[in-house]
Amino acid sequence: MRAAVIGAGVVGTLIARELCRYPCDVLLLDRAPDVGWGITKANSAIVHAGFHDAPGTTRARFCVPGNALFDEVCGELDVPLVRVGAWVLALDESELEVLEELLARGRANGVPGLALCSPREVLADEPAVNPAVAGGLWAPSAGITEPWALALAAAENAIANGADLRLGHAVTHVRVRNGRVYAVQAADRSWEADLVINAAGLWSDRVAAMAGLEPPPLTPRRGQYVLLDKAARGLARAILFPAPNPLSKGILVLPTVDGGILLGPTAEDLAPDAREDTDTTAEGLQAVVQGAQRMVPGLDVSLSVKVFAGLRPESPSEDFEVGATEVEGFYQAAAMRSPGLTAAPALARWLVREQIAPTYALRPRPEFRAARPAIPHPGILDDQAWNAWIERDPPFGKVICHCNQITEGEVVEAIRRGARTLDGVKFRTRAGFGRCQGGSCTDEILLILARELGIEPSAVDLGLPGSTIVRGEVRP
Ligand SMILES: Cc1cc2nc3c(=O)[nH]c(=O)nc-3n(C[C@H](O)[C@H](O)[C@H](O)COP(=O)(O)OP(=O)(O)OC[C@H]3O[C@@H](n4cnc5c(N)ncnc54)[C@H](O)[C@@H]3O)c2cc1C
């Protein structure tokens, strides 16, 4: 059985990994130069509890089981997961009704541990919250993770189990004969495939159209964010949601797994073709800050270290498109808007174990290995343990990123695992993610990349091809 997964975001990589449990030749294709550089790269990173989605929707169906699978999947793949819990805050009496609705919705969806709490209880847990808060809905199962780290880890694990990852390959054709899929094509390369899984995120409508389906076009809905430095830590211990609006879950304040505070996102519908428009705008960022300060009035925006934006793939149904289609062998994991990250592990499991494996009589391979170790990070150790490590492996004693204590050894290991650009190193190690945002480590990482890859420093890209950092000769 030959399977081609189109899209190496969190959804496609988890599906590819799941397929590797079976006797399948798995090909994972992405048009981007690295794994997880689509929607997976820029979102709120929340493992949602599952109370926002209306019962009966596909989103609700996969969100709660997806949330429950995160401990197992993040444990196996050595990816950070912190179950910080979530509050939905009623900031005046009129919003208390919304909390009741979300409670009923969450209970219908099977969300564990939901509780309506008094202002005193909210403020005891979250002292920085607006003292005018009228009440809160508490959801202990909500958590935070690093979506790109999950995608990278799932891809690494799939490769270790035999998958073939091809980056920089934009699929242009899905070949169908007599109602059956038989190949995929990217530029001048073609691969035969008995199964094709469409996990192409914002472009999943276009990939579905390549197979002859007629999906309604997706609309990019932009979400802008402001990231605050670790010095803002403590402003929110849990994820703080306002009462949701018809377009989105509202502007949130939440901790990140590495100790920062994230504010956002906006919800702006863009033109259907604006699928790369991740620009931030003055109005958007102002809306983020105002929305966040409504919940946490003392928030200090001068602690901001980065602004960015991500794009949600919105379909007219406002739901995921998943499962078998009228084209035999062509499966959808498409239109994965929020809570697509949370849903991804459950969706991948259902699609492969309950849809594909029984249809093609596939039996699990006993040799599949589920574990994948993260890049070792000595910065979390005490001095004695770190010194012992340096004795064994000196590059783990040379700190390159001082904000996050990332060593040369980690950068080299990231390159060994597939990083080819500065962003590739950053998203694998967190070097450049800290307060100075790469101000002090970019040149060193650039030189390490050039040295390890055997190329000139002027050939090292920031991210996309051609995004070079330096010109001419560089003398270390
Ligand atoms: C602002 C925002 C906030 C969000 N917050 C949350 C949250 O907190 N929690 C949550 O659960 N969900 C959240 N989501 C949703 C979640 O991020 C997405 O559902 C998830 O990342 C989608 O992953 P994906 O793999 O489907 O898409 P992607 O990550 O976009 O992966 C699709 C891949 O397909 C590739 N591709 C496209 N076309 C082709 C082609 N023709 N050939 C080859 N490759 C192709 C792309 O390059 C891309 O890498 C949020 C989304 C946004 C935008």
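Me: Two strands pair if DSSP finds at least two bridges between them; what makes S4 and strand S8 a pair by that rule in this predicted model?

Reply: Strand S4 (81-82) is joined to strand S8 (residues 143-145) by 2 bridges, and the rule asks for at least two, so S4 and S8 count as paired. These two strands run antiparallel, and Val-82 stands opposite Ile-144 in S8.

Me: Why is one side of strand S3 and of strand S4 left without a neighbour in the sheet?

Reply: The open sheet has 3 strands in the order S3-S8-S4, with antiparallel pairing. Strand S3 (46-47) and S4 stand at the edges and have a single partner strand each, so one side of each has no neighbour in the sheet.

Me: How do you know where the ligand lies with respect to domain 1 and domain 2?

Reply: Both domain 1 (1-82 + 142-218 + 315-374) and domain 2 (86-140 + 219-311) give residues to the shell around the ligand, so the ligand lies between them. Of the 41 residues around the ligand, Gly-9, Gly-38, Gly-201, Gly-223 and Gly-340 come nearest, while helix H1 (10-19), strand S19 (304-314) and helix H8 (340-359) are the elements that each give two or more residues to this shell.

Me: What makes Val-10 in H1 count as buried?

Reply: A residue is called buried if 20 or more other C-beta atoms lie within 10 Å of its own, and Val-10 is listed as buried, as are 10 of the 10 residues of H1. What covers the buried residues of H1 includes strand S1 (2-6), helix H5 (147-160) and H8.

Terms used. Residues are numbered from 1 along each chain as its sequence is written. This is a predicted model: local features need pLDDT of at least 70, side-chain atom pairs count only at pLDDT 80 or more; totals for chains, interfaces and linings use all residues. A residue is near a molecule or strand if its C-beta atom, placed from the backbone, lies within 6 Å of it. Helices (H or I, at least four residues) and strands (E, at least two) are DSSP runs, numbered from the N terminus. Domain bounds come from an automatic or database domain assignment. A residue is buried if 20 or more other C-beta atoms lie within 10 Å of its own, exposed if 12 or fewer, and partly exposed in between; C-beta atoms are placed from the backbone. Two residues are in contact if their C-beta atoms, placed from the backbone, lie within 7 Å.
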